[in-house]
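Subject: Handing over a structure, with notes on what was found

Dear colleague,

I am passing on the structure below, together with some notes that I hope will help you find your way around. Please have the sequence and the structure open side by side as you read.

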Amino acid sequence: MNKTRITAESVAHLGFKEDNSLYKNSIEEFYPNAVLLVSEDKRFSLAKTDNNINYEHGWNLHVDNKNMESIASCDVEYVEQVEIIMNLYKDY
C-alpha cells in the first residue's frame with residue numbers, strides 16, 4: 001500500500017476542503033489549533049486536534065450515513081486509509 005500523509009492538499013482529490021467553522025462553536029476553546037477537513041457531501045470529516053493518538057501524523061476520520069447519523073470513527077494517518085474507509089461506507 002502507498003503511504004501518503006494526510007494534508008489538506010493530499011485529500012483534496014477526494015473532495016475534502018478545510019472547514020473550521022464547524023469547530024468554532026464547539027471545541028475551539030479546548031483545541032485552538034484544530035483543523036477540520038470535510039467532504040463535499042459532509043458525510044466524511046477529518047479532524048486533527050491535540051487529542052489524536054498519533055498527534056504528529058494522526059487524524060480522526062468521522063463517518064455519517066446518508067441520514068447524517070454517525071456510523072464510524074477511527075484514527076488514520078494516510079490518504080489511502082481514508083480512501084478505503086470512504087469506499088467501504090459510500091453506500092450507507
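A salt bridge is taken here as a side-chain nitrogen of Lys or Arg within 4 Å of a carboxyl oxygen of Asp or Glu. Please keep in mind throughout that this is a predicted model. With that cut-off, a search of the whole structure finds two salt bridges.

One of them joins the side chains of Arg-5 and Glu-77, with 2.9 Å from N to O. Because Arg-5 sits in the segment before β1 (17–18), while Glu-77 belongs to the loop between β5 (70–76) and α2 (79–89), this pair ties together parts that are 72 residues apart in sequence. As for their surroundings, Arg-5 is partly exposed, at a relative accessible area of 34%, and Glu-77 is also classed as partly exposed, at 24%.

The other pairs Asp-19 with Lys-42, where the closest N and O atoms are 3.9 Å apart. Asp-19 is found in the loop between β1 and α1 (21–24), and Lys-42 in the loop between β2 (35–38) and β3 (44–48), so this salt bridge ties together parts that are 23 residues apart in sequence. Here Asp-19 is buried, with a relative accessible area of 17%, whereas Lys-42 counts as partly exposed at 45%.

Turning to the sheet, you will see five strands that form an open arrangement in the order β1-β2-β3-β4-β5, with antiparallel pairing. Since β1 and β5 stand at the edges and each has a single partner strand, one side of each is left without a neighbour in the sheet. At the β1 edge, β1 and β2 run antiparallel and are joined by two bridges; in one place to look, Glu-18 has Leu-37 of β2 as its bridge partner.

The last element to point out is α2, which lies across β3, β4 (59–64) and β5, and runs at about 165 degrees to β5. Which residues of α2 are buried? They are Val-79, Glu-80, Val-82, Ile-85 and Met-86, and what covers the buried residues of α2 includes β3, β4 and β5. In general, an α-helix has 3.6 residues a turn, so residues three or four places apart point the same way, which may be useful to bear in mind while you look along the helix.

With best wishes

Key: Residues are numbered from 1 along each chain as its sequence is written. This is a predicted model: local features need pLDDT of at least 70, side-chain atom pairs count only at pLDDT 80 or more; totals for chains, interfaces and linings use all residues. Side-chain values use heavy atoms; hydrogens and water are left out. Helices (H or I, at least four residues) and strands (E, at least two) are DSSP runs, numbered from the N terminus. Buried means under 20% relative accessible area, exposed over 50%, partly exposed in between (1.4 Å probe, protein chains only). Two strands pair if DSSP finds at least two bridges between them. Contact means heavy atoms within 4.5 Å. Axes are lines fitted to C-alpha atoms, for helices over the stretch in contact, and angles run from 0 to 180 degrees between N-to-C directions.
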